[in-house]
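I opened this notebook to keep track of what I looked up, beginning with the ligand sites and then turning to the backbone.

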Amino acid sequence: MKALICIGHVPDTTSKIKFTDNDTKFDTADIKYIIGPYEELALTRLLDLRDAGTDMHITTVTVGTQETEPTIRKALAMGADDAVRVNAEASDNLFIAKQIAEVFKNGDYDIIITGKESIDYNGGQLEGMIAEFLNLPSVSGASKFDIEGDKILLEQEIEGGTLKLEASFPFVVSAGKGFCPEPEPRIPNMRGIMTARKKPLQVVEPVDQDAVTEIIKYHLPEPKPACKMIDPDNVEELVRLLHEEAKVI
Amino acid sequence: MAILIYTQNYDGKFKKSVFELVTYGAAVAKELGTEVTAVTTGKLDTETLKELGKYGAEKIITITNEELNDFSAQAYAYAIEQVAKKINADLIIFGNNPYGRAIAPRLSVKLNAGLAAGVTALPSSVSPFTVKKRVFSGKAFADVVIKSETKIITLNQNSYKVEENPVDISTEEFTAEIPEGAYAVKPIETVKSSGKMSVTDAEILVSGGRGLKGPENWGMIEEMAEILGAGTSCSRPVSDLDWRPHEEHVGQTGKVVAPNLYIAIGISGAIQHLAGVNGSKVMVVINTDPEAPFFEAADYGIIGDAFEVVPKLNEAFKKFKAEN
Ligand SMILES: Cc1cc2nc3c(=O)[nH]c(=O)nc-3n(C[C@H](O)[C@H](O)[C@H](O)COP(=O)(O)OP(=O)(O)OC[C@H]3O[C@@H](n4cnc5c(N)ncnc54)[C@H](O)[C@@H]3O)c2cc1C
Ligand SMILES: Cc1cc2nc3c(=O)[nH]c(=O)nc-3n(C[C@H](O)[C@H](O)[C@H](O)COP(=O)(O)OP(=O)(O)OC[C@H]3O[C@@H](n4cnc5c(N)ncnc54)[C@H](O)[C@@H]3O)c2cc1C
């Protein structure tokens, strides 16, 4: 089986978010980048399945400039076999999805896996868009993922329960919590890092697709007024404030 | 400008989040001088459809195809695309929930329509069409311009106040053409969960963290939830340790919630936890450690031992509920 896994290059979850150029650009100074947590979970799952005997070739794909290469190398060091980078600024979802669909068409992949959502732009869109460009079935935010022969067994959290699903290749899926049941973080060792340097990283140029969205300004949330402290021996005061001041009970 | 709202029904009933979408759509329509059409699926009785009219939907289209009884994003996208074209929709609104998130991106490709996901307010401008959306897991917001002729947004739950705005409705049934193969994902079975209020629907959440020491101590948390008509949620370690079910895990890697009131008990307030709850209107924190980061994000705080404070607070809530 050949899997194409979409790796996003996102600010570390603890990053302090700031903007520059009159709040029109994300300030990348002092930002440490990581693999998006959901796609890291997905990659970990694929590696676990492979270790358990599923025959699998894992290719990563990232739409991004050269700056994203350390993140791509990290995925290779974790155990992916090779990588494709589409050499373009990732700034519009239809554009990104189109590029990934194109990479899929140009290889003989069986499945595309993305994370459920990126932790920077929180769109949760790429899986659906890629699948639609390719006219393939898909499942969003799978909470379980297994491969049995030519079948994919999935679970998805829905309103009021869990839905068990079955699909066949070719297929698109986005990974949510639970995708990898017991994720042991795959921290690349020295050997992994050394071999990752030699693994193929192919750079391709983007195909045309107009951008239809644009971020024109960022805002930080309004600073909250300081927390009002209430004496633990006077909890009635909290009840009063929640009722009269905050009006939430 | 015509506005189309996807109004999901659950077993023939609408939830409050749908009325929020319709209220929002009606407000945008007013600004644009146009009408709101709601689209839903299945066979609904007129009384139920009229509820949408109460919040401002003038026209309601019901897609009757039986194939849609099982959810398939592909099939739903086909059907909604046809409705959108039929009414010449230039703005299509979904809820930012699992259904909206599955259908909207596909529709975006079909209609070459820019999609802004996770919108939190009315458009700040209609030309160019500009909406505010949540980015960096709630640590910031962005103004997004959608440049395409057809525009799609998904609205975050609890970001717009539900308000009645009754109008007369006209209803119409619609049969979509859905090609075969749009069901390649086969549902095997649905396993129902505990039947408790889902964390994303709850208007009040009582949430417990590792500070509560063990699952046996959740009685007082559930009691508080019961008194307040609230849901219960938890931090990640708590669900990782199996003290609580996974569907209660909130945060960056769990569910993102935005209740009116979030009560955090024995939760430190790590940045990844806050990322899932910082959209709450009011946050209360109860923690023994005055240095816990949650106090910086909260509106009200009590420094104290949960095992002493919570039982007292439950009594106070009970007394309040009896009097109000
Ligand atoms: C309206 C808008 C305007 C933007 N403008 C800018 C801008 O001006 N400058 C800028 O730097 N960025 C910009 N971005 C951010 C950039 O487009 C995002 O990184 C990208 O859209 C993915 O974000 P998402 O949250 O929508 O993806 P999601 O759909 O949430 O991502 C889901 C999954 O897709 C995969 N994925 C995400 N991004 C990539 C990628 N690049 N390559 C491969 N796989 C990926 C991952 O597996 C991820 O888990 C903008 C985003 C939006 C929505
Ligand atoms: C990539 C990534 C993603 C993550 N995603 C999430 C996520 O989605 N959700 C999430 O919650 N976490 C997430 N985390 C974990 C997060 O960093 C924290 O570790 C976690 O939120 C801590 O949970 P906690 O507050 O329950 O426990 P702790 O940090 O152990 O805090 C317990 C708190 O209880 C207080 N306490 C102790 N005893 C009492 C008492 N008797 N009465 C009152 N208070 C008491 C303590 O003072 C302390 O503040 C993520 C981490 C990473 C790296």
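The entries below follow the order in which I looked things up.

**Entry 1: the model and chain A**

I note at the outset that this is a predicted model. I began with chain A, whose secondary structure I recorded as 6 helices and 15 strands. Along the principal axes, the C-alpha atoms of chain A fill a box of roughly 65 × 45 × 40 Å. I also looked up burial for this chain, and of its 249 residues 51% count as buried.

**Entry 2: ligand 1**

Where does ligand 1 lie with respect to the chains? I found ligand 1 between chains A and B, and I noted that it sits in the second largest pocket. I counted 26 residues around ligand 1, and wrote down the closest as Glu39(A), Asn93(A), Ser118(A), Gly124(A) and Gln125(A). By residue class, the shell around ligand 1 divides into 11 nonpolar, 11 polar and 4 charged residues.

I then asked which elements of chain A each supply at least two residues of this shell. The elements are the strands β6 (57-64), β8 (111-115) and β14 (213-219), together with the helix α3 (93-105).

For polar contacts I turned to the backbone of chain A. A polar backbone atom of Ser91(A) lies 3.3 Å from a nitrogen atom of ligand 1. On the oxygen side of the ligand, I found a backbone N or O atom of Asn122(A) at 3.1 Å from an oxygen atom of ligand 1, and a backbone N or O atom of Gly123(A) at 2.7 Å from an oxygen atom of ligand 1. To see how far the protein covers the ligand, I looked up the areas: ligand 1 taken alone exposes 910 Å², and the protein buries 88% of that.

**Entry 3: ligand 2**

Why did I enter the site of ligand 2 as shared between chains? I did so because residues from chains A and B surround ligand 2. The surrounding residues number 27, and the closest are Ser235(B), Ser268(B), Gln272(B), His273(B) and Asn287(B). I recorded the make-up of the shell around ligand 2 as 6 nonpolar, 16 polar and 5 charged residues.

Two side chains of chain B came up when I looked for polar contacts. An N or O atom in the side chain of Thr253(B) is 2.8 Å from a nitrogen atom of ligand 2, while a polar side-chain atom of His273(B) lies 2.8 Å from an oxygen atom of the ligand. The backbone takes part as well, since I found a polar backbone atom of Gly266(B) at 3.1 Å from an oxygen atom of ligand 2. Taken alone, ligand 2 exposes 990 Å², of which the protein buries 78%. As to elements, α6 (236-240), α7 (271-277) and α9 (306-323) of chain B are those that give two or more residues to the shell around ligand 2.

**Entry 4: cis peptide bonds and positive phi**

Most residues other than glycine have a negative phi, and most peptide bonds are trans, so I went looking for exceptions.

In chain A, I found a cis peptide bond joining Phe169(A) and Pro170(A), with omega about -10°. I placed Pro170(A) in the loop between β11 (161-168) and β12 (171-175) of chain A. In chain B, the peptide bond from Ser127(B) to Pro128(B) is cis, with omega near -5°, and Pro128(B) is found in the loop between β6 (125-126) and β7 (129-135) of that chain.

For phi, I noted Asp23(A), which is not a glycine yet has a positive value of about 65°. Asp23(A) has its place in the loop between β3 (19-20) and β4 (25-26) of chain A, and because its relative accessibility is 32%, I entered it as partly exposed. Asp242(B), likewise a residue other than glycine, has a positive phi near 65°. I located Asp242(B) in the loop between α6 and β14 (261-265) of chain B, and with 60% relative accessibility it counts as exposed.

**Entry 5: Thr114(A)**

Is Thr114(A) buried or exposed? With a relative accessibility of 5%, Thr114(A) counts as buried, because the cut-off for that class is under 20%. I found Thr114(A) in strand β8 of chain A. Last, I looked up Thr114(A) against Gly36(A): the two are 78 residues apart in sequence, and their C-alpha atoms are 9.6 Å apart in space.

Terms used
Residues numbered from 1 in each chain as written. Chains lettered and ligands numbered in written order. Predicted model: local features only at pLDDT ≥ 70, side-chain atom pairs only at ≥ 80, totals over all residues. Heavy atoms only, no water. Near = heavy atom within 4 Å. Polar contact = N/O pair within 3.5 Å; in protein donor to acceptor, adjacent residues only side chain to side chain. Areas by Shrake-Rupley, 256 points an atom, 1.4 Å probe, with all protein chains shown as cover. 1 Å grid on protein atoms, 1.4 Å probe; cavity = no way out; pocket = protein on both sides within 12 Å on 5 of 7 lines; lining within 4 Å. Sits in = over half its atoms within 2 Å of the grid points. Helix = DSSP H or I, 4+ residues; strand = E, 2+ residues; numbered from the N terminus. Nonpolar A, V, L, I, M, F, W, Y, C, P; charged D, E, K, R; others polar. Buried < 20%, exposed > 50% of the residue type's maximum accessible area, 1.4 Å probe, protein only.
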